[in-house]
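Work through the exercises below with the sequence and the coordinates open. Try each task before reading its solution.

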Amino acid sequence: MYGPPIDLSFKDLNNVTDALAEIPRRPLRPLKIDMNNKYLSQSMRLNNNNITNLVGLEFILNHFLAQPSSLGWLDLSCNKITSIEHVLCELKELRVLYLHGNDIWSLTEISKLGELNYLHTITLHGNGIENVKGYRNYVISMLPHLKRMDFSAVTRQEKVLASIWKEKTGGYELTHG
């Protein structure tokens, strides 16, 4: 029923709404559209652009996708994003989120994603937060449904250790180290 990702990567977009002027790349499998000329897809690529914030993301999702509320996979990697904006937290069906290679420097930004109950895969490496002591423990403790982080499995033992770590530290961001 659902086809390949809507691919707006490598389009030199400075902001999300610049995507309106673009045509998605042609995937190997054809993109399916509905009677309103919207794509039948649950995934989108906006990676490898110059996006600094997500203002207008909901508009772009509504523009391109037949069922934007069903978005399950979003690639925002290799941009210039500095914070987790509320619009991401509204994507209740989101399961996979790639944010690696951005400019996120505060671990507390990640806690905003805690309300995404289906989020099981996230990438954050290549951001400033990667250098914060306790980085992996913090992320795992804030996102309890994670199965994969930074392209590696989150083990049961890591979840237990992250829980203990959170109890000891109160879940507060630690210092860079």
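The exercises cover salt bridges, a buried acidic residue, a helix and the cysteines.

This is a predicted model, in which local features need pLDDT of at least 70 and side-chain atom pairs count only at pLDDT 80 or more, while totals for chains, interfaces and linings use all residues. Residues are numbered from 1 along each chain as its sequence is written, and side-chain values use heavy atoms, with hydrogens and water left out.

**Exercise 1.** Count the salt bridges (a side-chain nitrogen of Lys or Arg within 4 Å of a carboxyl oxygen of Asp or Glu), and describe the pair of Arg45 and Asp7.

Solution. The count is six salt bridges. In one of them, Arg45 and Asp7 approach to 3.7 Å, N to O. Arg45 belongs to strand β2 (residues 43–45) and Asp7 to strand β1 (residues 6–7), 38 residues apart, and the pair links distant parts of the chain. Strands are DSSP runs of E with at least two residues, helices are runs of H or I with at least four, and both are numbered from the N terminus. For accessibility, buried means under 20% relative accessible area, exposed over 50%, and partly exposed in between (1.4 Å probe, protein chains only). Asp7 is buried at 12%, whereas Arg45 is partly exposed at 30%.

**Exercise 2.** Find what surrounds the side chain of Glu85.

Solution. Start with its place: Glu85 sits in the loop between β3 (73–75) and α2 (86–89). Next, check charge, with Lys and Arg positive, Asp and Glu negative, and His and the chain ends not counted. Glu85 is buried but has no salt bridge, and Lys112, the nearest side chain of opposite charge, is 8.4 Å away. Then list contacts (heavy atoms within 4.5 Å): leaving out residues up to four places away in sequence, Glu85 touches Asn53, Leu54 and Val55. Finally, a polar atom of the Glu85 side chain lies 2.9 Å from the backbone nitrogen of Leu54.

**Exercise 3.** Compare the length of helix α5 with its expected span (1.5 Å times one less than its number of residues), and state how α5 is tied to α4.

Solution. Helix α5 (residues 156–169) has 14 residues and reaches 20 Å from first to last C-alpha, close to the 20 Å expected. Just after α5, Gly170 has a positive phi of about 75°. Arg136 and Glu158 form a salt bridge, with closest N and O atoms 2.5 Å apart. Arg136 lies in α4 (residues 135–142) and Glu158 in α5, so the pair ties together parts 22 residues apart in sequence.

**Exercise 4.** Count the disulfides (pairs of cysteine sulfur atoms within 2.5 Å).

Solution. The count is zero disulfides. Cys78 is partly exposed at 31% relative accessibility, and Cys89 is buried at 3%.

Conventions: Polar contact = N/O pair within 3.5 Å; in protein donor to acceptor, adjacent residues only side chain to side chain.
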